[in-house]
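Morning, everyone. Please have the sequence and the model open, and follow along as I go.

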Amino acid sequence: LRPGPVAILALAAIISGAVVVVLAVSFQIVIDEQSGDIARDTRALSAASEVNTASDKLLALGLNSSLQGTLAPDAHGQLPLNDALAAHAYVERIGMAARRLARLDPRPSSLAMQDSAGALSNAFVLYLVYVTPETYTDLLTQVRAVDSAAAAEVTSRQDAVLAAQTALRSRTRISSDLIIAAALIAAVVTSTAAWLIGRRLRNSITSIEAEKRALVDANRALGRRNQQFAALYQIVTEVTETLSLTYVVRTTVREARKLVGAEAVVLRLLEKGDLAVVGAEADDPDAAPPAPSIPLGVGVQGRAAKRGRTVRLDESTDAVMMPGECPEGTRSGVVVPLIVGARVIGTLACWSRTPALFDADDERALELMASQVSTAIAAADMHEKTEQAALHDALTGVPNRRQLSVDLEGDLAAYIERQRPTAVGMLDIDHFKRFNDEFGHRVGDVTLQRVAEIIKISVRDSDHVYRYGGEEFVIVFGDADAVAGRLLCERVRLAVAGAALTGENLEPIGQVTVSIGVAAYPEHASTLDNLIRLADQAMYEAKQAGRDRVVVARSEAGAKAA
């Protein structure tokens with residue numbers, strides 16, 4: 001393939017740049033070498049100057065031909081100590097500087113100076129030992145020789161340094177000129193190549209931008225999928241570790257909103273043919289609550305549950321939506337059935353005011369989530385129903401004595417802890433054995449069921465009814481003193497007595513009456529256990545007094561006295 005003009009210019013730019021780099025590196029190497037030589041010569045010059053200076057100072061101590069210097073021996077051969085010490089320091093400096101000079105540049109003159117410095121040191125030692133005119137003369141000769149050699153070395157070194165510096169400046173100027181010229185040529189070539197290449201690239205910008213936008217969209221979608229997988233992992237981890245239906249439902253609704261970015265989520269469970277709301281969450285706290293129940297097969301959620309298939313709406317219409325099925329202003333939604341095995345147990349609905357917000361990936365993510373949480377919801381629901389059955393009487397449906405024990409430690413205990421007036425009624429069906437003997441146990445069971453229903457209808461919503469055992473019931477009245485408790489029990493008694501009860505075949509079985517004992521806090525006792533005990537005693541008093549009546553208990557102290 002023949003290279004195009006752009007390729008040729010690009011290659012020229014690369015070559016030009018390479019030439020500039022090679023020139024710069026080569027000149028830099030030469031300059032660095034010459035700079036090293038100059039630095040070495042400068043250090044050698046410094047060492048030679050130090051030898052010259054020290055030898056001059058040694059001569060200044062008085063070493064002269066007239067032998068009248070301060071180092072000259074006197075008539076007794078004595079030498080001043082201070083002068084001897086100063087001379088010794090100069091000799092040492094001369095020796096060290098000469099050796100340093102020889103190491104820096106071992107040329108013949110440097111080595112000769114090192115030898116002269118050594119001879120000077122030996123001559124000085126002999127002079128100090130003997131202090132004679134002969135040794136003094138020899139010392140003076142050696143000092144002058146070293147001084148003369150050092151002066152010559154200094155002059156030689158100075159000339160060499162000046163010459164090297166001049167050559168370095170010349171080479172640096174030439175290098176700079178060459179590098180600048182090469183750089184200008186490279187810049188021109190590179191600019192031309194860049195201009196031509198830019199023209200070619202300009203035609204590709206549109207497609208590159210399109211690919212970039214596509215990549216950004218793909219990254220955004222991938223990030224959303226990653227968030228969805230994280231939410232799926234979170235909910236699977238949480239819901240599989242608990243048997244609390246409330247917690248499972250709340251977690252499912254919360255994570256479903258994050259999973260698909262919905263503005264409202266509603267979870268319904270199938271109960272007796274209707275989809276009842278068990279959990280809901282919306283970003284608008286003032287939004288109208290969802291419809292309490294939806295018949296199976298009605299509306300989007302009812303159809304999704306009946307068919308067991310996901311329904312996605314990109315634009316909601318009145319024709320497909322049941323009134324109150326979704327928040328007002330909803331424009332799109334997706335409803336996923338909750339399936340365990342082959343049985344639909346409910347639906348998970350996600351709604352948004354944005355048209356076509358949910359796509360196929362959201363639908364698949366919700367289906368995957370639903371497949372995981374359905375089993376957890378079914379297990380939690382079964383667990384709560386089992387617990388509910390264990391704490392409720394199977395015949396009458398009211399809480400049993402076990403639930404009463406639990407509540408005495410929980411909700412009911414709060415009445416006493418907060419010192420709120422509380423009344424307890426103990427109720428027993430009069431002559432209940434007669435119903436079993438005359439009409440059979442089946443009629444007796446029906447009678448118990450009917451009496452339990454009448455009691456629940458007759459008391460207030462805040463009151464608590466329990467089957468205590470056999471035909472006995474306990475009623476706890478909150479915020480009621482002894483007078484209010486007696487009136488409430490009278491209402492229950494009259495309601496039972498006025499009810500028309502029938503047997504298994506709808507035959508009349510006669511009037512049913514009850515005897516009730518009442519005890520209240522704080523009038524009669526300070527604990528609920530004692531209130532139940534005193535109400536039980538009062539109930540037996542009602543039996544002994546003729547039945548079909550309400551008797552108020554005596555206080556704890558009075559009961560003990562009796």
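Start at Arg-401. Arg-401 sits in helix H9, which covers residues 401-409. Is Arg-401 buried, exposed or something in between? Its relative accessible area is 46%. Buried would need under 20% and exposed over 50%, so Arg-401 counts as partly exposed.

Now its surroundings. Tyr-466 is 65 residues away from Arg-401 along the chain. Yet the two C-alpha atoms are separated by 6.6 Å. Which residues does Arg-401 touch, leaving aside its neighbours within four places in sequence? The contacts are Arg-467 and Tyr-468.

One caution before going further. This is a predicted model. The pLDDT averages 82 over the protein, and 81% of the residues score at least 70. One stretch to treat separately is residues 63-68, where the pLDDT is below 50. In the model, that stretch still has 16 contacts beyond near neighbours in sequence.

Next, the overall picture. There are 15 helices and 11 strands. The protein has 562 residues, and 39% of them are buried. Take the contacts with a separation of 6 or more: 67% of those join residues 24 or more positions apart.

Here is another pair of that kind. Ser-49 belongs to helix H1, residues 5-60. Its relative accessibility is 26%, so Ser-49 counts as partly exposed. Ala-151 lies 102 residues from Ser-49 along the chain. Their C-alpha atoms are separated by 7.7 Å.

On to helix H3, residues 108-130. How far apart should its ends be? H3 has 23 residues, and at 1.5 Å a residue they should span 33 Å. The end C-alpha atoms are 33 Å apart, so the model agrees with the expected span.

Which residues of H3 are buried? Reading along the helix, they are Ser-110, Met-113, Ala-117, Leu-120, Ala-123, Phe-124 and Tyr-127. Keep the helix geometry in mind here. An α-helix has 3.6 residues a turn, so residues three or four places apart point the same way. Just past the end of H3, look at Val-131. Val-131 takes a positive phi, about 45°.

Now the pockets. The largest pocket holds about 260 Å³ of space. Three elements give two or more residues to its lining: strand S1 (264-271), strand S6 (343-352) and helix H8 (360-390). H8 gives the largest share, five residues.

Let me name the lining in full. It starts with Leu-245, Leu-269, Leu-270 and Glu-271, then runs through Arg-343, Val-344 and Ile-345, and ends with Ile-377, Ala-378, Asp-381, Met-382 and Lys-385. What is the chemistry of that lining? Eight residues are nonpolar, four are charged and no residue is polar.

Last, the enclosed spaces. How many cavities of 30 Å³ or more are there? The count is two. About 60 Å³ of space lies in the largest cavity. Its lining includes Glu-263, Ala-264, Ala-282 and Asp-283. Pro-327, Glu-328 and Thr-330 also line the largest cavity, along with Trp-351, Ser-352 and Arg-353. That lining divides into four nonpolar, two polar and four charged residues.

To recap the two spaces: the largest pocket has no polar residue in its lining, while the largest cavity has two. And for Arg-401, remember the contacts with Arg-467 and Tyr-468. Over to you for discussion.

How values were computed. Residues numbered from 1 in each chain as written. Predicted model: local features only at pLDDT ≥ 70, side-chain atom pairs only at ≥ 80, totals over all residues. Heavy atoms only, no water. Helix = DSSP H or I, 4+ residues; strand = E, 2+ residues; numbered from the N terminus. Expected span 1.5 Å × (residues − 1). Buried < 20%, exposed > 50% of the residue type's maximum accessible area, 1.4 Å probe, protein only. 1 Å grid on protein atoms, 1.4 Å probe; cavity = no way out; pocket = protein on both sides within 12 Å on 5 of 7 lines; lining within 4 Å. Points joined across faces, edges and corners; volume = space filled by probe spheres on them. Nonpolar A, V, L, I, M, F, W, Y, C, P; charged D, E, K, R; others polar. pLDDT = per-residue confidence, 0-100. Contact = heavy atoms within 4.5 Å.
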